[in-house]
Amino acid sequence: MQLSLAFASLAAVVLRLPQVSAHGGVLSYKFGDTTYQGFVPYNTPVGQSSIQREWDTYNPITDPTDASLSCNIDGATLTEQLSATVAAGTQVTAYWNAWPHTIGPVMVYMAACPSGCSNADTSTLEFFKIDQAGLISGNLVTGLWGMGELVQNNNSWTSTIPASLSPGEYMIRHELLAIHTSDQPQFYPECAQLIITGSGTSTPSSSYLVTFPGAYSASDPGVTIDIYANENETNYTIPGPAVWSG
Ligand SMILES: *[C@@H]1O[C@H](CO)[C@@H](O)[C@H](O)[C@H]1NC(C)=O
Ligand SMILES: *[C@@H]1O[C@H](CO)[C@@H](O)[C@H](O)[C@H]1NC(C)=O
Ligand SMILES: *[C@@H]1O[C@H](CO)[C@@H](O)[C@H](O)[C@H]1NC(C)=O
Ligand SMILES: [Cu+2]
């Protein structure tokens, strides 16, 4: 009995490894000099405390209108949900697992949480983009992408929180969009909660604000794209709104 149970759990681990190694997500963050561990997926949320919202799988979301596109599956508030207190203007670095994909853009969004982030249904938040990198040089297939730069840079991405941003509670949302498969996009969104401090007074106007789902559609040129059929193209249109820099 004990032996067969051990075999069963071993089999479960072995079966899970391939999908785990093929994809992933943000495992930790650094704000200024302070490191915060993320939620640990594939583990129970019970007893976990993190600034990150819960996410349960390394697998991508492949539908640009998926209900979980805001903060991954399932984006829930932890019972011991933390928020990082960070001054506007601070650099934020997100660290992924050993990231397997190098083709596609990196996008970073924030959203104010008018009623507090821990109570927020993330699909109702109005996100604005603070950073992005698409096709940096070369062509769609052999060129350097934001995601390639992320891999070269220790599987990490560093952005700056706009210095003039008005203080308050915010969600920060990192997103990778892998487009190396010609049949479907792969979205990897990750959210964490922040309390922004400072004396800034700026907030983005409505033209910068989007919701997830809502911001993207399958007909966006940067979402549904066969890079191999257009291998010599050197232009790429990053989906979503323009970057708001404060
Ligand atoms: C590379 O990333 C890991 C986290 O994945 C971090 O612990 C380490 O400090 C980073 N190395 C450098 C040189 O930044
Ligand atoms: C890209 O350019 C190469 C060299 O000119 C050419 O052989 C190839 O057919 C082109 N690919 C496409 C999809 O047009
Ligand atoms: C690149 O530009 C062409 C011509 O303007 C356009 O048809 C195509 O959709 C663009 N590609 C992307 C990925 O935005
Ligand atoms: Cu993957």
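In what pairing do the bonded cysteines of the chain join up, numbered in sequence order? The pairing is 1-4, 2-3. Keep that pattern in mind during the tour. One caution before you start: this is a predicted model.

**Stop 1: the whole chain**

Show the chain as a cartoon. You should find two helices and 13 strands. Now turn to its overall dimensions. The C-alpha atoms fill a box of roughly 65 × 50 × 30 Å along the principal axes. The radius of gyration is 18 Å. A compact globule of 246 residues would have a value near 18 Å, so the chain agrees with that rule.

Switch on the surface. About 10,900 Å² of the chain is accessible, and carbon and sulfur atoms make up 52% of that area. Of the 246 residues, 47% count as buried.

Next, think about contacts. Take those between residues at least 6 apart in sequence. Of these, 77% join residues at least 24 apart.

Colour the charges. The chain has 5 positive and 19 negative ones. The mean positions of the two sets are 7 Å apart.

**Stop 2: C71 and C191**

A disulfide is a covalent bond between the sulfur atoms of two cysteines. The count here comes to two. Select C71 and C191 and show their side chains. Their sulfur atoms are joined at 2.0 Å. C71 sits in the loop between β3 (49–50) and β4 (80–81), while C191 is in strand β13 (residues 186–197), so the bond ties together parts that are 120 residues apart in sequence.

Is this disulfide left-handed or right-handed? The torsion about the S-S bond is about -80 degrees, so the disulfide is left-handed. C71 and C191 are both buried.

**Stop 3: C113 and C117**

Move to the other pair. C113 and C117 also form a disulfide, with an S to S distance of 2.0 Å. Look along the S-S bond. Its torsion is about 85 degrees, so this disulfide is right-handed.

Check the burial of each partner. C113 has 6% relative accessibility, so C113 counts as buried. C117 has 0%, so C117 counts as buried too.

**Stop 4: the loop between β3 and β4**

Go back to the loop that holds C71. Select S70, which lies in the loop between β3 and β4. Its relative accessibility is 3%, so S70 is buried. Which residues does S70 contact, leaving aside neighbours within four places in sequence? They are T122, S123, R173, P189, C191 and F212. You met C191 at the second stop, as the disulfide partner of C71.

Step along to N72, in the loop between β3 and β4. Its phi is near 70 degrees, a positive value in a residue other than glycine. N72 has 4% relative accessibility, so N72 counts as buried.

Now select I73 and D74. The peptide bond from I73 to D74 is cis, with omega near 10 degrees. D74 is also found in the loop between β3 and β4. Why stop at these backbone angles? Most residues other than glycine have a negative phi, and most peptide bonds are trans.

**Stop 5: Y188 in strand β13**

Select Y188, which is placed in strand β13. Is Y188 buried or exposed? At 1% relative accessibility, Y188 counts as buried.

Show what surrounds this tyrosine. Not counting residues up to four places away in sequence, Y188 touches H23, G24, Y58, N59, P60, W99, H101, H174, E175, L176 and A178. Pick out E175 from that list. Y188 and E175 are 13 residues apart in sequence, but their C-alpha atoms are 5.4 Å apart in space.

**Stop 6: past β13**

Move on to F212 and P213. The peptide bond from F212 to P213 is cis, with omega near -5 degrees. P213 lies in the segment after β13. F212 is one of the contacts of S70.

**Stop 7: N154**

End at N154, in the loop between α2 (146–152) and β11 (156–160). N154 is not a glycine, yet its phi is positive, at about 65 degrees. Is N154 buried or exposed? Its relative accessibility is 54%, so N154 counts as exposed. Compare N72, which counts as buried at 4%.

Key:
Residues numbered from 1 in each chain as written. Chains lettered and ligands numbered in written order. Predicted model: local features only at pLDDT ≥ 70, side-chain atom pairs only at ≥ 80, totals over all residues. Heavy atoms only, no water. Helix = DSSP H or I, 4+ residues; strand = E, 2+ residues; numbered from the N terminus. Rg over C-alpha atoms; globule rule 2.2 N^0.38 Å. Buried < 20%, exposed > 50% of the residue type's maximum accessible area, 1.4 Å probe, protein only. Contact = heavy atoms within 4.5 Å. Areas by Shrake-Rupley, 256 points an atom, 1.4 Å probe, with all protein chains shown as cover. Lys, Arg positive; Asp, Glu negative; His and termini not counted. Charge placed at Lys NZ, Arg CZ, Asp CG, Glu CD. Disulfide = S-S within 2.5 Å.
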